[in-house]
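Me: I am new to this structure and would like a close look at a single part of it. Could you take me through the salt bridges and their surroundings?

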Amino acid sequence: MARWSYRCGLQGRLGVTRYDVRLATGTTLVAPLTIAFASDFHAGPTTDPELFVALCERLAEAQPDVVLLGGDFVSGKADYVQALARELKYCRPPLGKYAVLGNHDLWADDTRIATMLAESGVEVLINRSATLPPPFDCVSICGIDDPWTGSPDATLAFGDARDIRVFLTHAPDGLMSLTNERFDVAFAGHTHGGQVAWPNGRPVLLPHGPLSKRYVYGKFPIEGNGCLVVSRGIGCSTLPIRLNAHPELVLCTLRSAS
């Protein structure tokens, strides 16, 4: 069903969305940092694996410095992640690949999924941070557990973070886990941009979670912090159909203040 739907164009066509983010005044990078972000793969009966092939082809063309993955790797069985992991193995950004898990992953077998991702070179961040290699070792990727199904702990995730913080959360509702933690840019998925939307992009059905309803898709300034980027994701959940909410790879260039 998913393959037929994809070939008929009913799962959309993967595109690339680009954002430019300036750091706060006084915060500097040795060079612009290009971050690739993809989320909500939903490997399994509702998503054609050809989308994963297309994603990794786009990544190869874009040559980002680092790749971030926003969770919901499967729909159903944990072993479905193998179709995605096979492709990710050949994606080798110079600064690494990092991920958080989503609600569908925890409903399946999060330990198994994390193990298979690790075998493909992906480091899964559950309430912890990872500092990028030099010359970007002033940047930390801070990942939390799924905001609703897991046990998110932003204090742990940001505890050892460096000066420039990239916040990685499956859903926009991860913002509710923050207390006094500061980030420069945040990435989230979960919403699918509605997956089925009106021609103007307004979702027919809103995802669960109060902030997932407010921040459905796009780039949003967050008071007291940097911006939040919410992706429509890659795959399909429940039904193998996307309408007016095409799958996307996000490319975000992080720059020093001008």
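Reply: Happy to help; here is a walk through the salt bridges, followed by the sheet that one of them leads to. A word on the basis: this is a predicted model, in which local features need pLDDT of at least 70 and side-chain atom pairs count only at pLDDT 80 or more, while totals for chains, interfaces and linings use all residues. Residues are numbered from 1 along each chain as its sequence is written, and side-chain values use heavy atoms, with hydrogens and water left out.

Side chains of opposite charge can pair when their charged atoms come close. A salt bridge here is a side-chain nitrogen of Lys or Arg within 4 Å of a carboxyl oxygen of Asp or Glu. The structure holds five of them.

One of these joins Asp79 to Arg112, with 2.9 Å between the closest N and O atoms. This pair links distant parts of the chain, 33 residues apart: Asp79 lies in the loop between strand 3 (66-69) and helix 3 (82-88), and Arg112 in helix 5 (residues 110-119). Helices (H or I, at least four residues) and strands (E, at least two) are DSSP runs, numbered from the N terminus. Asp79 is partly exposed because its relative accessibility is 40%, and Arg112 is too, at 34%. For these terms, buried means under 20% relative accessible area, exposed over 50%, and partly exposed in between (1.4 Å probe, protein chains only).

Another salt bridge ties Arg232 to Glu248, the closest N and O atoms being 3.9 Å apart. Here too distant parts of the chain are linked, 16 residues apart, with Arg232 in the loop between strand 11 (227-230) and strand 12 (248-255), and Glu248 in strand 12. Both Arg232 and Glu248 are buried.

Arg128 also pairs with Glu123, where the closest N and O atoms are 3.0 Å apart. Arg128 is partly exposed at 34% relative accessible area, as is Glu123 at 31%.

Now for the sheet. Six strands form an open sheet with mixed pairing, in the order 6-7-8-9-11-10; two strands pair if DSSP finds at least two bridges between them. Strand 6 (128-131) and strand 10 (218-221) are at the edges with a single partner strand each, so one side of each has no neighbour in the sheet. Strand 6 runs antiparallel to strand 7 (residues 139-143), and four bridges join them. Within this pairing, Ser129 stands opposite Cys142 in strand 7.
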